[in-house]
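Here is a short note for a colleague new to this structure. Please read the points with the model open.

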Amino acid sequence: MRSDMLELMNVFVHVVESDSFTKAAEALQLHRPAVSKALQQLEKTLGVKLLHRTTRSMSLTVEGRDIYQRAKFLLADVNEMISSFSPGQSPQGRLRVEVPLVLAHIILIPCLGEFQALYPEIELVLTASDRKTNMVAEGIDCVVRLGELDDSSLVSRRIGHLRMATCASPSYLEKYGIPTTPDDLMGHKGINFFSRHSREVMEWIFMLEDAAVCRTPNSSVLVNNSDVLLSCGLEGLGLLHAPYIVLEPHIRTGELCEVLEDYANVTKPVSIIYPDRRYLLPKVRVFMDWFYEIFTRYDLR
């Protein structure tokens with residue numbers, strides 16, 4: 001690879017955004033022929049044509065449009081990295097984070113003002129979702145994930161666990177009875193959660209005679225969103241199995257009743273994952289440290 005690739009891409013981005021070789025040359029303080037030569041060198045190195053040029057107009061090729069987008073983000077990352085690691089420079093820039101809906105509602109959003117006060121130069125782009133994202137393809141800096149991890153290409157940091165619980169509305173229990181052991185679930189209706197990514201239904205795990213067992217009831221409803229899961233449970237459509245931290249406010253008000261408490265010593269891990277890079281951007285590091293600290297404040301047992 002040419003040692004001046006970043007310079008060539010910078011020229012290309014300026015040409016596209018100014019829609020003019022002359023204006024790009026002025027902005028970069030170069031002679032116009034030097035700008036033309038840089039574009040030619042970039043096209044030769046990449047082996048593709050980047051621009052359609054006539055005496056009156058200029059437009060991006062299909063390949064040029066893709067390379068422009070990639071070059072723009074790459075240059076932004078390089079500039080951000082340089083400024084972030086400058087002595088005395090506080091973490092800054094756009095931070096793209098994805099968090100499960102459960103943790104976004106209950107932990108992250110209530111404390112977000114604190115993070116903004118600590119790091120006012122960081123612009124947080126928050127995606128709250130229960131789907132599994134290809135974080136590299138979508139340009140996400142880090143993901144908080146609930147459950148076991150299965151992607152070895154990413155780096156992870158375990159930050160804690162959430163206890164799982166099983167609940168139902170009083171109206172459901174009055175109609176169908178109260179299960180007293182995990183085996184009783186086979187005669188009940190469940191509101192089951194499925195992964196949009198893998199289409200797999202989440203297993204209900206319990207501790208039975210010191211061993212973990214799976215007892216997933218037949219579905220009355222299948223959902224792929226934790227907010228919808230809770231809403232269905234509150235409407236009495238079936239039993240639901242979810243993190244206790246989500247169910248506890250509704251248990252306290254009597255909208256939901258916990259069942260099978262003697263078998264509920266099962267937890268789900270919570271991790272932060274990020275791409276395997278040789279360096280961790282300061283904005284990502286401070287968010288990870290901060291989220292770990294606020295996560296540990298909660299009694300999640």
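1. Helices (H or I, at least four residues) and strands (E, at least two) are DSSP runs, numbered from the N terminus. In this predicted model, the chain has nine helices and 13 strands. Its radius of gyration is 26 Å. The globule rule gives 19 Å for 301 residues, so the chain is more spread out than a compact globule.

2. Next, the overall dimensions. Along the principal axes, the C-alpha atoms fill a box of roughly 80 × 40 × 30 Å. The chain exposes about 16,600 Å². Carbon and sulfur atoms supply 50% of that area.

3. On burial and contacts: 43% of the 301 residues count as buried. Take the contacts between residues at least 6 apart in sequence. Of these, 73% join residues at least 24 apart.

4. The largest nonpolar core has 56 residues. L103, F287, W290 and F291 touch the most other members. Leaving out residues up to four places away in sequence, F291 touches I107, L108, V144, I159 and I272. Another core, of 23 residues, lies apart from it. L8, A25, Y68 and A71 are among its members.

5. How many disulfides does the structure hold? Zero. A disulfide needs two cysteine sulfur atoms within 2.5 Å. For C111, the closest cysteine sulfur is in C142, 16 Å away, too far for a bond. For C257, the closest is in C167, at 7.7 Å, also too far for a bond.

6. Are C111 and C257 buried or partly exposed? C111 is buried, at 10% relative accessible area. C257 is partly exposed, at 29% relative accessibility.

Terms used. Residues numbered from 1 in each chain as written. Predicted model: local features only at pLDDT ≥ 70, side-chain atom pairs only at ≥ 80, totals over all residues. Heavy atoms only, no water. Core = buried A, V, L, I, M, F, W, Y, C linked by side-chain atoms within 4.5 Å. Buried < 20%, exposed > 50% of the residue type's maximum accessible area, 1.4 Å probe, protein only. Contact = heavy atoms within 4.5 Å. Rg over C-alpha atoms; globule rule 2.2 N^0.38 Å. Areas by Shrake-Rupley, 256 points an atom, 1.4 Å probe, with all protein chains shown as cover.
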